[in-house]
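Hi everyone, thanks for coming. I'd like to walk you through one structure today, working from the outside in.

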Amino acid sequence: MIVRFGFVAMSTAEVMKGVSPSKTMTMKSFAKLADREAGLRKLEQIAAGNLHNTLRLLKHCMYNDIQVYRLTSKLIPLATHQDLADWNPFAALTDSFREVGDYAKEHKMRLSFHPDHFTVLSTPRPEVLESSVRDLQYHVSMLEAMGLDCRAKNNIHIGGAYGDKLAAGERFAEAVRNLPEVFKRRLTLENDDKTFDAVETLEMCERLGLPMVLDIHHQWVNNQGEAPAELWPRVLRTWDSDYAQADSPADRPLPPKIHASSPKSETDRRSHADGVEAGPLLDFLRRIAPGTDAVDVMLEAKLKDGALFALMDELGKYSGDGVEVLDKASVRILP
């Protein structure tokens with residue numbers, strides 16, 4: 001089984017110091033500007049800088065053999081703010097987005113977004129649902145502006161229970177069914193660490209035909225007594241669904257993706273540690289390897305790519321013990 005590792009948004013490498021893809025301007029600062037049009041141009045300049053730094057991060061990834069990367073949702077400051085609903089920044093950013101997408105396609109990189117916790121489709125409040133759909137539109141528009149096909153996904157959680165988990169799940173399912181088809185083709189669902197556990201999220205994925213991103217850390221702290229590997233055959237099948245793959249069956253298949261992190265401490269098991277412990281992750285990978293050709297692992301650790309490099313160093317110590325290091329960011333787990 002081939003395992004590729006990726007990281008989220010920012011690099012902590014010294015050589016990438018100051019290369020931020022998420023520089024911003026607050027609405028309070030924007031509102032103070034006397035010239036609104038000049039303010040919008042400033043926001044577009046900040047966004048262009050963020051996209052330029054994203055391209056630098058992708059080049060840093062490729063230098064280190066990293067082909068799996070999560071984009072920050074903050075590429076365009078204030079993009080979804082209701083007071084700027086009449087602003088369309090994409091025309092001014094066409095070349096910047098295309099440059100990022102072209103580089104990713106040239107190097108066969110897997111890019112994704114993880115819209116934040118304000119994107120909640122299980123909400124009972126119509127205005128929150130409307131805002132959540134608008135946020136999904138923003139993420140879909142960015143991926144389309146990059147020219148990336150539907151293998152570039154937006155990963156979300158089911159959301160809150162609001163005192164009635166069954167009703168919340170029904171609202172979520174109904175909201176997804178009402179989404180435009182292009183939105184659904186971009187979606188993956190992830191189990192969370194407090195509300196909708198891995199079993200419940202898997203059932204929702206099977207119900208809606210969506211691929212599931214299994215977060216093994218979340219599963220460790222929020223479960224029904226099952227081991228994560230016990231769910232894997234069903235999780236794997238969700239990646240065979242119509243919504244999991246590219247528009248053309250001739251394109252290369254999309255490997256399933258998982259999220260991995262380690263607890264910050266024994267007393268704070270939900271928070272993410274700086275790095276990722278090799279042992280528990282390797283145990284899971286060994287358990288799923290016999291029936292899995294490939295899997296991509298997004299590391300959600302405070303040290304970002306630094307955690308990835310440290311993990312690869314640790315995995316190198318298992319060479320000859322069922323682990324073959326392929327390059328700086330991938331391994332083969334041997335049967």
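So, the surface: the protein chain exposes about 15,200 Å², and carbon and sulfur atoms supply 51% of that area. Please keep in mind that this is a predicted model.

Staying with the side chains for a moment, what about charge? The chain carries 42 positive and 49 negative side chains. The centres of those two sets lie 3 Å apart.

Now the overall build. You can count 11 helices and 10 strands in the protein chain. The radius of gyration is 20 Å, close to the 20 Å that the globule rule gives for 335 residues, so the chain is as compact as a globular protein of that length. If you prefer box dimensions, the C-alpha trace spans about 65 × 50 × 50 Å along its principal axes.

How do distant parts of the sequence come together? Take the contacts with a separation of 6 or more: 77% of them are between residues 24 or more positions apart.

Let's go inside. Of the 335 residues, 52% count as buried. The largest nonpolar core has 98 residues, and the members touching the most others are Phe5 and Leu285. Helix 2, residues 36–63, gives this core its largest share, 10 residues.

I'd suggest finding Phe5 on your screens. Which residues does Phe5 contact, if we leave aside its neighbours within four places in sequence? Among them are Ile66 and Val68, then Leu281 and Leu285, and further along Leu308, Leu311, Met312 and Leu315. Ala329 and Val331 are in contact with Phe5 too.

That's my tour, thanks for listening!

Notes. Residues numbered from 1 in each chain as written. Predicted model: local features only at pLDDT ≥ 70, side-chain atom pairs only at ≥ 80, totals over all residues. Heavy atoms only, no water. Core = buried A, V, L, I, M, F, W, Y, C linked by side-chain atoms within 4.5 Å. Buried < 20%, exposed > 50% of the residue type's maximum accessible area, 1.4 Å probe, protein only. Helix = DSSP H or I, 4+ residues; strand = E, 2+ residues; numbered from the N terminus. Contact = heavy atoms within 4.5 Å. Rg over C-alpha atoms; globule rule 2.2 N^0.38 Å. Areas by Shrake-Rupley, 256 points an atom, 1.4 Å probe, with all protein chains shown as cover. Lys, Arg positive; Asp, Glu negative; His and termini not counted. Charge placed at Lys NZ, Arg CZ, Asp CG, Glu CD.
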